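Here are my notes on this one, as numbered points. Have the viewer open while you read.

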Amino acid sequence: MRVIVLGSAQDGGFPQWDCNCINCRLSRSGKLNYRLRSSLALEDDLGNIIVLDASPDLKHQVSMMKLSYKRIGKIISNRISPIDAVLITHAHWGHIMGLLEFSAGAPFKVPVYCSSYVSSIIQTSPIFKSLVDGNFIRLIEFKDSFPLEIVNYRDQKTEFVLEAFKVQHREDITDTYGFKIFHNDFSIAYIPDIKVLDERIVKKLSDVDILFFEGTFYWDDELWRVSKIKRTSKELGHIPIAESLSILSELNINMKYYIHFNHTNPVLRGSSDERKNVEEAGIKVVNDGLVIDV
Ligand SMILES: [Zn+2]
Ligand SMILES: [Zn+2]
Ligand SMILES: [Zn+2]
């Protein structure tokens, strides 16, 4: 199985379009890498590729990571979906807008796994509903903590099993889930957006092999520190790294990564004290394009 990090920034990407903070300036001058919106691709041993969250950068992520490269030569026509299924954590725009890309392609009926709440958001929005009506996607609803075998767009079983579990994030327009994806006896957890890291969640994470966890902000008052904006990390639905770090450092997980960074986050700078704190706790700041073969 292969894990590919398609993007590692929060919904606004990095740099953020309207911002001139130190991190955004460094990225525009080439001293920090641009980051696309958070998303992972997982490829099983049969070549099935599933994508976790459909970011607005989906098209570029697919091209840059050459997701369909193994399929070239196997196809009859020149149209093929490079993605077998999409799993949506929640309906905030940075996690769902990429679905619209499918409408530019053939009607592959790509399976889209989501909660019943997100399914209803898709079906009641004329723009998103056209994806379903046009057979570009088909919706498959998951239930809380109920294992589900993932199928590809040809309706064949992949080697992946999904366990989605509900998390607290920002209950404005959507509910939110974290994912555990199983491939044989190997498992990956992906939780890009979460506000509360309680015992129930810690238990879910305790036996995974790779963890990708919410790292939007380092400080609860980071927006005030950097941009003089009076909104805290928690008000926006994100547990700050300063709070999650000690809890995650205790977990006996092989590979631990923070993901979904806001442009203000000091861990984006390799020389910052905050980056040092994260690395000393045995956790990494993930970069776009990371490939892990397991
Ligand atoms: Zn997000
Ligand atoms: Zn900025
Ligand atoms: Zn969100």
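1. Start with the open sheet whose seven strands come in the order 6-5-4-3-2-1-14, with mixed pairing. Strand 6 and strand 14 are its edges, each pairing on one side only. From one strand to the next, the twist averages 20 degrees. Keep in mind throughout that this is a predicted model.

2. Strand 1 (residues 2-7) is a good place to zoom in. Five of its six residues are buried, so "mostly covered" is a fair label if you take buried to mean 20 or more other C-beta atoms within 10 Å. On one pairing, strand 1 runs antiparallel to strand 2 (residues 39-43), with five bridges joining them. Two of the partnerships to click on are Val5 with Leu40 and Gly7 with Ser39.

3. Strand 1 also pairs with strand 14 (residues 291-293), again in the antiparallel sense, this time over three bridges. Here Ile4 stands opposite Val291 of strand 14.

4. What does helix 3 (residues 116-124) bury? Val118, Ile121 and Ile122. Those three cover an arc of only 95 degrees around the axis, which is why they end up on the same side of helix 3. The general background is that an α-helix has 3.6 residues a turn, so residues three or four places apart point the same way. Look to the other side of helix 3 and you find Ser116 and Thr124 exposed.

5. And what do the buried residues of helix 3 pack against? The partners are strand 5 (110-114), helix 4 (126-133) and strand 6 (137-141). Helix 3 lies across strand 5 and strand 6, and its angle to strand 6 is about 150 degrees. Strand 6, remember, is an edge strand of the sheet in point 1.

6. Now the core. The largest nonpolar core has 75 residues, and Leu40, Val86, Leu99 and Tyr258 are the ones with the most contacts inside it. Leu40 you have already met as the bridge partner of Val5. Val86 touches Val51, Ala54, Leu99, Val110 and Val112, leaving aside residues up to four places away in sequence. As a general matter, nonpolar side chains in soluble globular proteins tend to be buried together.

7. There is another open sheet to look at, with seven strands in the order 7-8-9-10-11-12-13 and mixed pairing. Its edge strands are strand 7 (148-151) and strand 13 (284-285), each of which pairs on one side only. Inside this sheet, strand 8 (residues 157-167) and strand 9 (residues 176-183) run antiparallel and are joined by eight bridges. For a concrete pair, take Val161, whose bridge partner in strand 9 is Phe182.

8. Finally, the whole chain. There are eight helices and 14 strands. The C-alpha trace spans about 55 × 40 × 35 Å along its principal axes. For 294 residues, a compact globule would have a radius of gyration near 19 Å, and the chain's 18 Å agrees with that. Of the 294 residues, 46% count as buried. Among contacts with a separation of 6 or more, 68% are between residues 24 or more positions apart.

Technical notes: Residues numbered from 1 in each chain as written. Chains lettered and ligands numbered in written order. Predicted model: local features only at pLDDT ≥ 70, side-chain atom pairs only at ≥ 80, totals over all residues. Buried ≥ 20, exposed ≤ 12 C-beta atoms within 10 Å, placed from the backbone. Helix = DSSP H or I, 4+ residues; strand = E, 2+ residues; numbered from the N terminus. Arc of directions from axis to C-beta. Contact = placed C-beta atoms within 7 Å. Pairing = 2+ DSSP bridges. Core = buried A, V, L, I, M, F, W, Y, C linked by C-beta atoms within 7 Å. Axes fitted to C-alpha atoms, helices over the stretch in contact; angles between N-to-C directions. Rg over C-alpha atoms; globule rule 2.2 N^0.38 Å.
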